Every structure is written in C-alpha cells, then in structure tokens.
Amino acid sequence: MGVLKRYGANLPISEKTPLVNLEEGSTPLVRLSRVGDDLGIELWAKLEGCNPSGSFKDRGMVLAVAKALEDGARAVVCASTGNTSASAAAYAAHVGIPCYVLLPAGKVALGKLAQALIYGAKVIAIDGNFDQALDMARSAAEERGIAMVNSVNPYRLIAQKTGAWEICEFLGRAPDLHAIPVGNACNISAYWAGYKDSKKWGNISELPRMMGFQAEGAAPLVTDKPCPNPETIATAIRIGNPVSADLAKDAVRESGGEFNSVTDEEILEAQLILAREGGIFAEPASCAPLAGLLKLRKAKKLPEGSKVVMILTGNGLKDPDTAISQVEKPVKIGNSLKELLEAMV
Ligand code: AN7
C-alpha cells in the first residue's frame with residue numbers, strides 16, 4: 001500500500017504532505033533453506049529489489065520527494081552511485097518535477113543509467129568519484145535553491161526505518177543478526193533506528209546485532225579512515241567517505257555487531273550461490289552480506305542455528321554486465337533436433 005500510507009502514523013507527515021505513492025515497501029522476506037543449511041543458520045532475505053525502481057532507495061525517496069513538494073520545491077538534485085538516481089528520477093517523474101542527477105562517469109551499472117535516462121532525469125556524468133559528485137551536488141542545490149534528495153536529506157533515513165519495522169512485524173521478533181551492505185552507511189543506521197523503534201513499541205524484546213559488510217577496496221568503516229580512491233566491482237558501494245559513518249559506528253557498537261570486508265571475488269561467488277541455490281538475482285553490492293556470512297562461517301564465527309536476515313538492497317537486473325561476465329555463455333546450435341539433443345547435456 002506504499003510506505004506513506006502503511007506507516008504514515010509513525011512518519012513526519014501532516015495533512016499538508018502529498019501522499020506520494022509508487023507502492024514501495026512491503027517487500028518479501030524469503031526463507032533461503034538451501035543456502036541457510038549450508039551455513040548452519042536460519043537465513044532470510046529481504047528482497048528490496050522488488051521495490052518500484054528496483055532498490056531499497058524508494059522507501060526513503062518517497063518521503064524525501066513528498067516533503068520537497070510540501071515545501072514548494074521546483075526540482076530535486078542528487079549525486080549517486082546509481083540507485084539513488086534511479087529512485088529520485090522515478091519519483092520526480094511521478095510527481096512531475098525536474099530531476100538532476102550527478103554520476104561518476106563510467107562507474108554506474110547499465111540498468112541504473114538506463115533508468116535515470118528513461119525516467120527523464122537530466123543526467124550529468126562527472127569526471128570524479130561519488131564522494132566528489134556529492135560535494136558538487138550539495139553546492140549546486142544551495143546555489144539553485146532546489147531540494148537535495150541524497151541521504152543527507154533527513155527524511156530519507158527516517159522512512160528507510162520502515163524496512164526494520166516490516167521485518168519485526170513479519171517475524172514477530174528481530175533476527176539475531178542483521179547483515180547489510182554498507183556504502184554511505186545510511187541504510188544500516190536507518191535499520192538500527194528502526195529496530196530500536198520496534199523495541200520501544202513492544203513489537204520485539206531483543207535487538208539484533210548489526211553486521212555491516214563493505215567491499216575490500218572501499219572499506220572506510222573497516223579500516224576506520226576515509227578511503228580516497230575507492231574501487232570495487234560492486235559500484236553501488238564504491239564510496240570512500242560515508243555520510244553516516246558516525247551513526248553507523250554507533251549502531252555497530254551499541255548492538256555488539258561488527259564491520260567486515262569482503263573481496264570482489266567473494267562478492268561474485270556469493271552472487272552465484274544466491275542465484276543458483278536461492279533462486280534470487282541480486283546486484284553485486286547486495287551480495288556483500290552473503291559473502292560476509294560465508295567468510296564468518298569459514299572462520300567459525302557464525303553462531304550455529306542463529307536467525308539471520310540479510311538485506312538484498314538492489315535487483316540483479318540493474319547490473320547485467322557483471323553477471324554475464326562471470327557465467328558460461330549460451331550454447332549455440334543450428335536448428336536440428338539432433339544438435340539440440342546433443343546440446344542438452
Ligand atoms: C544496492 O545510489 O549510495 O550504506 O548513490 O545502491 O545506505 O549507502 C547506493 C548505495 C547498498 C549502500 N546496496 O547503502 C547511491 C548509493 C545498494 C546500493 C548500498 C547502496 P548505504
């Protein structure tokens with residue numbers, strides 16, 4: 001029913017706030033028995049790729065755009081590694097205002113670029129990384145007096161808490177471990193705040209341990225210092241100076257969790273396992289948590305039998321190039337039955 005309608009009573013909206021709605025949120029929470037059994041845990045996956053623009057960003061974007069409209073904004077602007085721009089462009093189109101998008105040139109997955117363009121955003125590719133694009137977008141927003149819908153916008157984090165509320169309602173408790181990819185560190189911070197809300201409301205009695213996973217080449221929260229030249233195949237989390245670093249550190253410390261990093265190889269291996277043993281296609285960044293769980297299991301640091309929720313933040317179709325580059329190609333034959341039967345081995 002859309003985040004603003006389902007959770008409006010717990011979000012900062014009034015009768016003056018337009019109820020923008022692309023039916024975001026209420027995403028499936030799926031039990032992955034095959035993968036979970038191999039890990040010795042009860043594994044659940046929250047399919048955020050089922051949101052209208054294919055990522056978790058829609059949860060926060062709907063409120064950010066609704067509040068921008070309420071405040072009389074004429075346009076929105078954001079910097080993005082891809083998903084924020086797809087989401088902003090979708091909501092801006094839906095409500096009928098212009099959207100400006102700044103992307104690191106050549107480092108955005110094909111599907112995300114296609115989305116921003118087809119939704120009609122003004123897409124500007126900069127010669128620099130996400131962190132630089134964010135600085136530029138901030139200055140441009142100020143200069144032009146238009147609404148900035150990056151996660152520096154407080155409404156984004158507030159509405160992203162709905163993911164945690166949904167998990168607690170669905171399971172009737174919190175998981176033991178919450179595993180999530182970390183880029184700008186906003187989603188992990190929002191989930192932690194959301195779980196704390198659920199506890200305050202009496203929906204759960206125990207809080208989960210927050211496990212944040214970064215790519216090894218872009219792991220400022222693991223090394224505890226900014227990473228000036230982030231590099232990873234998981235371009236969504238190719239971020240060196242996370243906006244919500246402090247909130248995320250608090251979440252991990254308060255919950256008794258940890259930050260950990262995984263290599264690009266481990267991410268790609270996890271993507272294959274998720275697809276072939278879970279039947280779910282998630283983009284590389286979203287596979288960092290499974291890669292991390294596999295790593296913890298190998299190190300005998302994954303508590304046997306624990307209930308684990310991992311957030312699959314983005315749909316696999318957003319990055320077809322990376323997926324195709326690591327699997328066998330289609331078998332080519334002529335048009336005879338004989339050739340077909342030979343090929344069906
Ligand atoms: C699929 O779109 O930062 O730690 O500009 O697209 O809250 O940043 C995307 C981030 C995880 C990390 N998974 O979340 C952007 C952007 C996917 C993502 C993250 C992103 P945060």
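This is a selection-by-selection tour of a predicted model.

**Stop 1: α3 and α4**

Select helix α3, residues 57–70, and helix α4, residues 83–95. Their axes come within 9 Å and cross at roughly 45°. The two helices are therefore oblique to each other. The crossing of α3 past α4 is right-handed. Now show side chains. On α3, pick Lys 57, Asp 58, Met 61, Val 62, Val 65 and Leu 69. On α4, pick Asn 83, Thr 84, Ser 87, Ala 88, Tyr 91 and Val 95. These residues make the contact. Colour them by type: seven are nonpolar, three polar and two charged.

**Stop 2: α4 and α5**

Keep α4 on screen and add helix α5, residues 110–118. Here the axes come within 8 Å and cross at roughly 25°. An angle under 35 degrees counts as roughly parallel, and α4 and α5 are therefore roughly parallel to each other. This crossing is left-handed. From α4, select Asn 83, Ser 85, Ala 86 and Ala 89. They meet Lys 112, Gln 115 and Ala 116 of α5. By type, the contact of α4 with α5 has three nonpolar residues, three polar and one charged. Asn 83 is worth a label: it is listed in the contact with α3 and in the contact with α5.

**Stop 3: the largest nonpolar core**

Move to the largest nonpolar core, which has 33 residues. Start with Leu 43, Leu 274, Leu 290, Leu 293 and Met 310, which touch the most other members. Then bring in the elements around them. The helices α2 (33–39), α12 (264–278) and α13 (288–298) each supply at least two residues. So do the strands β2 (42–47), β7 (177–181), β8 (209–215) and β10 (307–312). Which helix gives the most to this core? It is α13, with five residues.

Centre on Leu 293. Hide its neighbours within four places in sequence. What remains in contact with Leu 293 is Leu 39, Ile 41, Leu 43, Ala 179, Phe 213, Leu 302, Val 308 and Met 310. A separate core, of 30 residues, lies apart from this one. Its members include Leu 4, Val 65, Cys 99 and Trp 165. Val 65 has appeared already, in the α3 contact with α4.

**Stop 4: along α13**

Select α13 by itself and colour by burial. Ala 288, Pro 289, Leu 290, Ala 291, Gly 292, Leu 293 and Leu 296 are buried. Step off the end of the helix to Lys 300. This residue, just after α13, takes a positive phi of about 55°.

**Stop 5: α8**

Go next to helix α8, residues 162–171. Is α8 largely enclosed or open, and why? Eight of its 10 residues are buried, so α8 is largely enclosed by the rest of the structure. The buried ones are Thr 162, Gly 163, Ala 164, Trp 165, Glu 166, Ile 167, Cys 168 and Leu 171. Trp 165 also belongs to the core of 30 residues. Gly 172 follows α8, with a positive phi near 75°.

**Stop 6: Val 252**

Finish on helix α11, residues 245–255, and select Val 252 within it. Its relative accessibility is 8%, so Val 252 counts as buried. Beyond its neighbours within four places in sequence, Val 252 is in contact with Ile 188, Met 210, Gly 257, Glu 258 and Phe 259. Last, draw a distance from Val 252 to Ser 189. Their C-alpha atoms are separated by 8.9 Å, and the two residues are 63 residues apart along the chain.

Notes: Residues are numbered from 1 along each chain as its sequence is written. This is a predicted model: local features need pLDDT of at least 70, side-chain atom pairs count only at pLDDT 80 or more; totals for chains, interfaces and linings use all residues. Side-chain values use heavy atoms; hydrogens and water are left out. Axes are lines fitted to C-alpha atoms, for helices over the stretch in contact, and angles run from 0 to 180 degrees between N-to-C directions. Helices (H or I, at least four residues) and strands (E, at least two) are DSSP runs, numbered from the N terminus. Angles under 35 degrees count as roughly parallel, over 145 as roughly antiparallel, 65 to 115 as roughly perpendicular and the rest as oblique. A crossing is left-handed if the near helix is turned anticlockwise from the far one by less than a right angle, and right-handed if clockwise. Contact means heavy atoms within 4.5 Å. Ala, Val, Leu, Ile, Met, Phe, Trp, Tyr, Cys and Pro count as nonpolar, Asp, Glu, Lys and Arg as charged, and the others, Gly among them, as polar. A nonpolar core is a set of buried Ala, Val, Leu, Ile, Met, Phe, Trp, Tyr and Cys residues joined through side-chain atoms within 4.5 Å. Buried means under 20% relative accessible area, exposed over 50%, partly exposed in between (1.4 Å probe, protein chains only).
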